[in-house]
Amino acid sequence: MTKSAQSVQSISQRLKSIDILRGIVILIMIIDHIRETFFLHLQVSDPMNISTTPLDLYISRSLAHICAPIFVFLTGLSAYLYGQKQQHKSEVSRFLLIRGSFLVILEITIINFAWTFEFPPHRLFLQVIWAIGLSMISLSALIWLPRKMLFTLAIIIIAGHNLLDNIHFSNESALYIPWAVIHDRVWISISNIIQFRTTYPVLPWIGVISVGYYCGSWFNPSFPPKQRQKYVKITALTLLTSFIIIRMINLYGDHPWFYGDSPVETVMSFFNVTKYPPSFLFLLITLSIGFFLLSLLERYQHSFLLSYAAIFGSVPLFFYIIHLFILKLLYLGAIYQFGKNKGDYFGFNEVWQLWACWFFLILILYPFVCFFSKYKANHKHITWLKYL
């Protein structure tokens, strides 16, 4: 095999491991979306209330914490790899700007409708696709910075944004809406006609996508595999160690943890971190898991079972949209068949039923995902497909 062919094969393998991780993440994400559909009668706060949250529900919710940070990180990483195929950085910047804008529009139209089935909408929830879109728009400008400056800025954002937690503006202030988009999770009312919920304030996500873009160079064809593995493992250990030390100090990065009535409650409190917006400690623990998985999956990327995850990960936006519609239809069908058994909602009685529904959803979604993945792979000449 020639050196050139080895390089092509190398990048192909690494991209497969990235697709596998992305697929695993979005499969885990479904669990939380099922919870938000069939457990509306037992919502959890952010961070969770340890004394009132059952352990199985706590585990299901905590497991989903890794989804958004890893996905946003991989978005930045993929943006770097996309840039390696382009001749000019301006082409990368333009792509990020257009796709980011497309995601923002998609969030407030089709995706919001998939969640609520409201038309015209009275409330809009600006969630993860919105945050990814705004992060991509921001990255379209940030990629022009020198690499070290981009990385430094990303670390300052991730580590320092909790210093801004006590800054708030009244809804009469001109800064209320910009600050809500950047860092404050609030409701924005427009003329008493429609409300926006800034569920995913964007500032920390800009830091995460920038770190992903910086780390993309480790996945270059010319980057030595052993050195990449070394960097990934060291980063994972550094993030995890930092989380443990800073969390033990219990002074910064999230709400303080406490000693519970039992060792289990104490452990639950220790790992009970804030997602909206993602705290410094939230990002440390979730990204450390992401780096550990990247290292592990590259070694086992040819596993038969993992190949199924790669298929889901190859078309994440398509999967995201169709799973929301199917989930909503299942919920409406359950109300039609069984009625509202939990006050204003239909809901499951046990957490294990969430997991049973999760398995069922994967089975019925797989043929659609597999079809679109093959279609996208066989029609790379169709420009608009790259935006999905």
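Begin by selecting Leu55, Ile59 and Val264, which in this predicted model together make a nonpolar surface patch of about 250 Å². Keep Ile59 highlighted and extend the selection to residues 55–63, the run that forms helix H2 and holds Ile59. Coloured by accessibility, Ile59 comes out as partly exposed, with a relative accessible area of 46%, and that value is over the 30% required of a residue in such a patch.

Next, select residues 128–142, which form helix H5, and pick out Ser140 within that helix. Is Ser140 buried or exposed? Its relative accessible area is 7%, and Ser140 therefore counts as buried, the limit for that term being under 20%. To see what surrounds Ser140, display Ser93, Leu96 and Leu97, with which Ser140 is in contact once its neighbours within four places in sequence are left aside. Then turn to the backbone oxygen of Ile137, from which a polar atom of the Ser140 side chain lies 2.4 Å away.

For the last stop, select residues 187–190 and residues 194–197, which are strands S2 and S3, and show their backbones: the two strands pair in the antiparallel sense, over four bridges. Within this pairing, label Ser189 and look across to S3, where Gln195 stands opposite. Which residue of the S2 and S3 hairpin takes a positive phi? Moving to the three residues between the strands, centre the view on Ser191, whose phi is positive and near 55 degrees.

Key: Residues are numbered from 1 along each chain as its sequence is written. This is a predicted model: local features need pLDDT of at least 70, side-chain atom pairs count only at pLDDT 80 or more; totals for chains, interfaces and linings use all residues. Side-chain values use heavy atoms; hydrogens and water are left out. Patches are made of residues with over 30% relative accessible area and no salt bridge: like charges are joined within 9 Å, nonpolar side chains (Val, Leu, Ile, Met, Phe, Trp, Tyr) within 5 Å. Accessible areas come from the Shrake-Rupley method with a 1.4 Å probe; for residues, only the protein chains shown count as cover. A salt bridge is a side-chain nitrogen of Lys or Arg within 4 Å of a carboxyl oxygen of Asp or Glu. Buried means under 20% relative accessible area, exposed over 50%, partly exposed in between (1.4 Å probe, protein chains only). Two strands pair if DSSP finds at least two bridges between them. A polar contact is a pair of N or O atoms within 3.5 Å; within protein, one must be able to donate a hydrogen and the other to accept it, and residues adjacent in sequence count only if both atoms are side-chain atoms. Contact means heavy atoms within 4.5 Å.
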